[in-house]
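Here is a brief report on the strands, helices and cores of one protein chain. Keep the sequence and the structure in view while reading.

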Amino acid sequence: MLKIIYKYLINQLFFLIHGKITIGKVQLNKIKVHGKEFKFGNNNYNVYRIKKARIFTNNVENFSIIKNNYLVPEGSFQQINGKLVNYKKNITLKIGTPGLIRKFNGTTLNLAQAAIGHNNYCHWLVDILPKIMLFSQVMDLKKIDFFYFSKLTKFQIQTLNILRIKSKKFIDSKSLKYFFFENLFFTSHPNYFKGTISQAHSQMPKWIIVFLRKKFLKLSK
């Protein structure tokens with residue numbers, strides 16, 4: 001009971017500090033990723049840019065991009081009980097953003113997605129790394145100052161080194177889950193648009209497999 005009361009009071013405090021998160025219209029700069037291979041069913045892939053935005057994650061089921069206290073549906077992610085749900089069920093609409101915020105200037109590419117990709121090798125390969133591929137179709141990765149991740153393990157850092165992404169550019173939400181970004185990029189999800197993640201992986205787009213083989217298979221020996 002004490003833990004519940006404490007959590008409630010903390011949430012109320014940060015409601016006063018950061019304000020309530022609601023649903024509203026947010027202006028995004030959308031760049032379509034061209035090429036017939038970058039089409040998955042009825043879904044086209046896009047790279048989005050937004051200025052002066054915030055990211056909040058509970059590192060479990062919810063990930064939120066927020067602009068002027070409005071939730072950004074295109075960049076937010078909510079997988080409840082193993083199933084992708086509508087952005088209207090995002091946890092920040094209920095509890096706000098209870099946490100201390102840290103600011104990053106420069107340009108950041110978001111590669112986080114709640115708990116997906118934390119320690120699971122498959123999720124890291126087919127859900128997170130392909131976002132780098134999508135982004136690289138419209139902009140040079142060298143122009144990115146920071147890469148934002150939920151968490152990073154040894155094998156994940158190894159793969160990023162192979163892709164020549166320097167560790168000094170990593171932002172890891174393991175110690176802090178609330179950030180303000182001056183210039184933020186994010187992409188469509190590579191394969192997960194509805195249902196469960198298992199259903200999505202059973203219909204893996206061919207370009208993801210080609211990308212992984214091209215980048216990593218030659219190093220297997």
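## Strand pairing, helix packing and cores

Asn62 stands opposite Gln78 in strand 8. The model is a predicted one. Asn62 and Gln78 belong to an antiparallel pairing, in which 2 bridges join strand 6 (residues 62-67) to strand 8 (residues 77-80).

Strand 8 also pairs with strand 9 (residues 83-84). These two run antiparallel, joined by 2 bridges. Here Gln79 stands opposite Leu84 in strand 9. Strands 8 and 9 form a hairpin, with 2 residues between them. Asn81 sits in the turn and has a positive phi of about 55 degrees.

**Strand 13 and its partners**

Strand 13 covers residues 178-187. Is it enclosed or open? Of its 10 residues, 9 are buried, so strand 13 is largely enclosed by the rest of the structure. Strand 5 (residues 46-57) runs antiparallel to strand 13, and 9 bridges join the two. Val47 stands opposite Thr187 in that pairing. Strand 10 (residues 102-110) pairs with strand 13 in the parallel sense, over 6 bridges. Thr107 has Asn183 of strand 13 as its bridge partner.

The strand pairs are set out below.

| Strand pair | Sense | Bridges |
|---|---|---|
| Strand 6 and strand 8 | antiparallel | 2 bridges |
| Strand 8 and strand 9 | antiparallel | 2 bridges |
| Strand 5 and strand 13 | antiparallel | 9 bridges |
| Strand 10 and strand 13 | parallel | 6 bridges |

**Helix 3 against helix 4**

Helix 3 (residues 121-136) packs with helix 4 (residues 154-162) at an angle of about 35 degrees. Their axes are 12 Å apart. The crossing of helix 3 past helix 4 is right-handed. Which residues of the two helices meet? From helix 3 come Tyr121, Trp124, Leu129 and Ile132; from helix 4 come Phe155, Gln156, Thr159 and Leu160. By class, this contact has 6 nonpolar, 2 polar and no charged residues.

**The cores**

The largest nonpolar core has 30 residues. Leu109, Trp124, Leu129, Ile132, Phe147, Phe149 and Leu160 have the most contacts inside it. The elements that give two or more residues to this core are helix 3, strand 11 (146-149) and helix 6 (206-216). Helix 3 gives the most, with 8 residues. Another core lies apart from this one. It has 22 residues, among them Ile50, Phe104, Leu184 and Phe186.

**Two buried residues**

Take Ile132 first. Its place is in helix 3. Why does Ile132 count as buried? The cut-off is under 20% relative accessible area, and Ile132 counts as buried because its relative accessibility is 3%. Leaving out residues up to four places away in sequence, Ile132 touches Leu111, Leu141, Leu160, Leu163 and Ile165. Leu16 is 116 residues from Ile132 in sequence, and their C-alpha atoms are 37 Å apart.

Now Thr92. This residue is found in helix 2 (residues 92-95). Thr92 is buried, with a relative accessible area of 0%. Leaving out residues up to four places away in sequence, Thr92 is in contact with Ile21, Phe56, Ser64, Leu71 and Thr97. The C-alpha atoms of Thr92 and Tyr192 are separated by 21 Å, and the two residues are 100 residues apart along the chain.

Technical notes:
Residues numbered from 1 in each chain as written. Predicted model: local features only at pLDDT ≥ 70, side-chain atom pairs only at ≥ 80, totals over all residues. Heavy atoms only, no water. Axes fitted to C-alpha atoms, helices over the stretch in contact; angles between N-to-C directions. Helix = DSSP H or I, 4+ residues; strand = E, 2+ residues; numbered from the N terminus. Left-handed = near helix turned anticlockwise from the far one by under 90°. Contact = heavy atoms within 4.5 Å. Nonpolar A, V, L, I, M, F, W, Y, C, P; charged D, E, K, R; others polar. Core = buried A, V, L, I, M, F, W, Y, C linked by side-chain atoms within 4.5 Å. Buried < 20%, exposed > 50% of the residue type's maximum accessible area, 1.4 Å probe, protein only. Pairing = 2+ DSSP bridges.
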